[in-house]
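Subject: Structure handover

Dear colleague,

I am passing on to you the structure shown below, followed by an account of what was found in it. Please keep it open beside the text as you read.

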Amino acid sequence: MVHSNNQNTVYLETPFYLKDGHGATSVLQSNSLNEISALYFITTIKKAISNLSYQEKATKIVLKNTFISLPTNKTGELDFEYMENYIQKNINENLEKMNYFLKKNNLLYATLSSSEKKAIEDFTRKKIKFIDFKIIDVFNIYNSHNILKTDVVFDSGATPYVTASEINNSVVSYINYDESLIEEGNSIMIGGKSLVITYQSKDFYSNDSHNLILYLNEKERRTENIQLFLVSSLYRSLKPKYSWGDSISFTKIQKDTVFLPVTDANEIDYEFMENYISAQKKLAVLPILDNQNSEYQYSTDYGLMEVAEKKEYK
């Protein structure tokens, strides 16, 4: 199923109802599809329509005139066996990467430390005090460079090309471009028009000068966990105020505040942030650990999500 407005493409195995107002959604059917081969088709379709947007919708007419590249067997028929084996091989490899990640980050046995337990308990019992801080007192803020999508070649390099998209942590591709326009990583980016807020761990390129780059003033506090907490805090503080028609800007953010946890001395409680996010990471992997090598969520650069399991393939 392909939604015309946002090009969201999904596989549905069981009958479904289409929500009222979504009549522009196209349903693509084939008796040979299953949940594994569908992933191959979804990836190929999303590549083919990646140039579309809200203004240039994936309508039925557009889809009928869109070509996709698919493997065929010796008789010239679609090679579903190859597609299924290819996807299953990728699933197995990603399961192995997942296990490596869990081991590397000491998450294979996700036991909360006493500090992590306390952070969760104190937050749940509303024992954590929050107060407003001016954002400019917490961060150094800059407008990003402006690198248009039409000026770059996707998949031409290793540096993330970051937009205001909500998908894949806003990374739409990896490119090679003028290194003088690279933004320093280990920072927070705010999509100037969409207000999508992300933590960017690596140096990156930005697509729009309306985007804001935030660098935590206290450099020693620029850990991934703390900045992930700050991403959530910024979003909750700014979302009620801004919209597409009244978007955030470098000028406007000078007066904005962010609601943050504090110590008894009313100083920002970075230790709580660190422990709270560390605990959440462990809690998030518990379902995987409980059901390892079975169902899990699998994602790619194209934002696909599907249930899969590790199997032998031919």
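A residue is called buried when its relative accessible area is under 20%, exposed when that area is over 50%, and partly exposed in between. The model is a predicted one, and by these cut-offs Glu224, with a relative accessible area of 38%, is partly exposed because that value lies between the two limits.

Glu224 is found in helix α6, which covers residues 224-238. Leaving aside residues up to four places away in sequence, Glu224 touches Tyr199 and Lys281, and its side chain makes a polar contact of 2.6 Å with the side chain of Lys281. The C-alpha atom of Glu224 is also separated by 7.4 Å from that of Ser201, although the two residues are 23 residues apart along the chain.

Turning to the chain in general, its 314 residues, of which 38% count as buried, form a secondary structure of 8 helices and 11 strands. Among contacts with a separation of 6 or more, 68% are between residues 24 or more positions apart. The accessible surface comes to about 19000 Å², and carbon and sulfur atoms contribute 49% of it.

One open sheet is made of 4 strands in the order β2-β8-β5-β6, with antiparallel pairing. Its edge strands are β2 (139-143) and β6 (197-200), each of which pairs on one side only, and the twist averages 25° from one strand to the next. Within this sheet, strand β5 (residues 187-190) is joined to β6 by 4 bridges, and Met189 has Thr198 in β6 as its bridge partner. Helix α6, the one that holds Glu224, packs on the sheet and touches β2, β5, β6 and β8 (212-216), while its direction makes about 165° with that of β6.

Another open sheet has 3 strands in the order β4-β3-β7, and here the pairing is mixed. Because β4 (171-175) and β7 (205-206) stand at the edges with a single partner strand each, one side of each is left without a neighbour in the sheet. Strand β3 (residues 159-162) pairs with β4 in the antiparallel sense over 4 bridges, and Val171 in β4 is the bridge partner of Val162.

Finally, helix α4 (residues 114-124) has Glu116, Ala119, Ile120 and Asp122 as its buried residues, and just after this helix Lys126 takes a positive phi of about 60°.

With best regards

Technical notes: Residues numbered from 1 in each chain as written. Predicted model: local features only at pLDDT ≥ 70, side-chain atom pairs only at ≥ 80, totals over all residues. Heavy atoms only, no water. Helix = DSSP H or I, 4+ residues; strand = E, 2+ residues; numbered from the N terminus. Buried < 20%, exposed > 50% of the residue type's maximum accessible area, 1.4 Å probe, protein only. Contact = heavy atoms within 4.5 Å. Polar contact = N/O pair within 3.5 Å; in protein donor to acceptor, adjacent residues only side chain to side chain. Areas by Shrake-Rupley, 256 points an atom, 1.4 Å probe, with all protein chains shown as cover. Pairing = 2+ DSSP bridges. Axes fitted to C-alpha atoms, helices over the stretch in contact; angles between N-to-C directions.
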